Amino acid sequence: MTIETMNIREMCDAFDVTPRTLRFYEAKELLFPIREGQKRLFTKRDRARLKLILRGKRFGFSLEEIRQLLDLYHMDDGQEAQLSKTYELAQRHLADMEAQKAELDEAIGELKEQMVWGAEKLNQLNKDKSVAA
């Protein structure tokens with residue numbers, strides 16, 4: 001039985017990450033490449049884990065949360081525990097993201113108001129200069 005593997009360069013190209021990123025995830029025990037001397041060979045399992053790691057990071061999950069979710073995969077419950085925990089974390093992160101978005105929308109609105117005020121003030125100052133000249 002042959003295991004299809006990818007070297008570090010192929011992984012970097014496939015997932016648009018740096019070798020440093022892959023080594024970091026390996027050091028954090030999120031990926032477990034086969035080591036042949038200095039060479040790292042990544043299996044299909046590593047590729048699936050990396051895809052989940054990157055998705056989790058994009059959604060704001062911490063590395064520890066991602067590790068816990070990945071560790072739940074091996075339970076013999078048809079992935080119920082993993083899916084349940086993922087859903088719970090996703091709900092919490094979605095609520096956080098929506099709150100951040102609301103704060104950002106408010107800040108954008110205030111900044112636009114200030115810019116309108118600033119533009120009007122500049123226009124008035126320029127009119128005052130041209131009338132005085």
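Is Lys-101 buried or exposed, and what is its relative accessibility? At 52% relative accessibility, Lys-101 counts as exposed, because the cut-off for that class is over 50%. The notes below concern a predicted model, and they move from the salt bridges of the helices to the sheet, the loops and the segment before strand 1.

1. Lys-101 and its partner. The side chain of Lys-101 meets that of Asp-105 in a salt bridge, with 3.2 Å from N to O. Both residues belong to helix 5, where they are 4 residues apart, about one turn of the helix. Asp-105, with a relative accessible area of 42%, is partly exposed, whereas Lys-101 counts as exposed.

2. The negative patch. Glu-103, Glu-106, Glu-110 and Glu-113 form a negative patch on the surface. Of these residues, Glu-106 can be placed in helix 5, which covers residues 80-132. With a relative accessibility of 53%, Glu-106 counts as exposed, since the class begins over 50%. The patch may be read with the definition in mind that its members have over 30% relative accessible area and no salt bridge, so Glu-106 is not a salt-bridge partner here.

3. Salt bridges in general. Side chains of opposite charge can pair when their charged atoms come close. The structure holds 7 salt bridges, among them the pair in helix 5 already described and the pairs taken up in the next two points.

4. Helix 1. Asp-13 forms a salt bridge with Arg-9, and the closest N and O atoms of the pair are 3.6 Å apart, which falls inside the 4 Å limit used for such contacts. The two residues lie in helix 1 (residues 8-15), with a spacing of 4 residues, or about one turn of the helix. Asp-13 is exposed, at a relative accessible area of 57%, while Arg-9 is partly exposed, at 46%.

5. Helix 4. Arg-67 and Glu-64 are joined through their side chains in a salt bridge of 3.1 Å, N to O. The pair sits in helix 4 (residues 63-72), and because the two residues are 3 residues apart, about one helical turn separates them. Glu-64 counts as partly exposed, with 39% relative accessibility.

6. The sheet. How many strands form the open sheet, and in what order? There are 3 strands, in the order 1-3-2, and their pairing is antiparallel. Strand 1 (6-7) and strand 2 (34-36) are the edge strands, each of them pairing on one side only. Strand 1 pairs with strand 3 in the antiparallel sense over 2 bridges, and within this pairing Met-6 stands opposite Phe-42 of strand 3. Strand 2 is joined to strand 3 (residues 39-42) by 3 bridges, again in antiparallel fashion.

7. Strands 2 and 3 in detail. Ile-34 stands opposite Leu-41 in strand 3, and Arg-35 stands opposite Arg-40 in that strand. Glu-26 is linked with Arg-35 and Arg-40 in a network of salt bridges, a point worth reading together with the placement of the two arginines opposite each other. In a regular strand the side chains alternate between the two faces of the sheet. The hairpin of strand 2 and strand 3 has 2 residues between the strands, and in this hairpin Gly-37 takes a positive phi near 65°.

8. Positive phi outside glycine. Which residue has a phi near 55° despite being other than glycine? The residue is Asp-16, and Asp-16 is found in the loop between helix 1 and helix 2 (19-27). At 73% relative accessibility, Asp-16 counts as exposed. Glu-29 is also a residue other than glycine with a positive phi, here near 60°, and Glu-29 lies in the loop between helix 2 and strand 2. Its relative accessibility of 53% makes Glu-29 count as exposed.

9. The segment before strand 1. Thr-5 lies in this segment and counts as partly exposed, at 29% relative accessibility, because that class lies between the 20% and 50% limits. Although Thr-5 and Lys-44 are 39 residues apart along the chain, their C-alpha atoms are separated by 6.8 Å.

Key:
Residues are numbered from 1 along each chain as its sequence is written. This is a predicted model: local features need pLDDT of at least 70, side-chain atom pairs count only at pLDDT 80 or more; totals for chains, interfaces and linings use all residues. Side-chain values use heavy atoms; hydrogens and water are left out. Two strands pair if DSSP finds at least two bridges between them. Patches are made of residues with over 30% relative accessible area and no salt bridge: like charges are joined within 9 Å, nonpolar side chains (Val, Leu, Ile, Met, Phe, Trp, Tyr) within 5 Å. Accessible areas come from the Shrake-Rupley method with a 1.4 Å probe; for residues, only the protein chains shown count as cover. Lys and Arg count as positive and Asp and Glu as negative; His and the chain ends are not counted. The place of a charge is taken as NZ of Lys, CZ of Arg, CG of Asp or CD of Glu. Buried means under 20% relative accessible area, exposed over 50%, partly exposed in between (1.4 Å probe, protein chains only).
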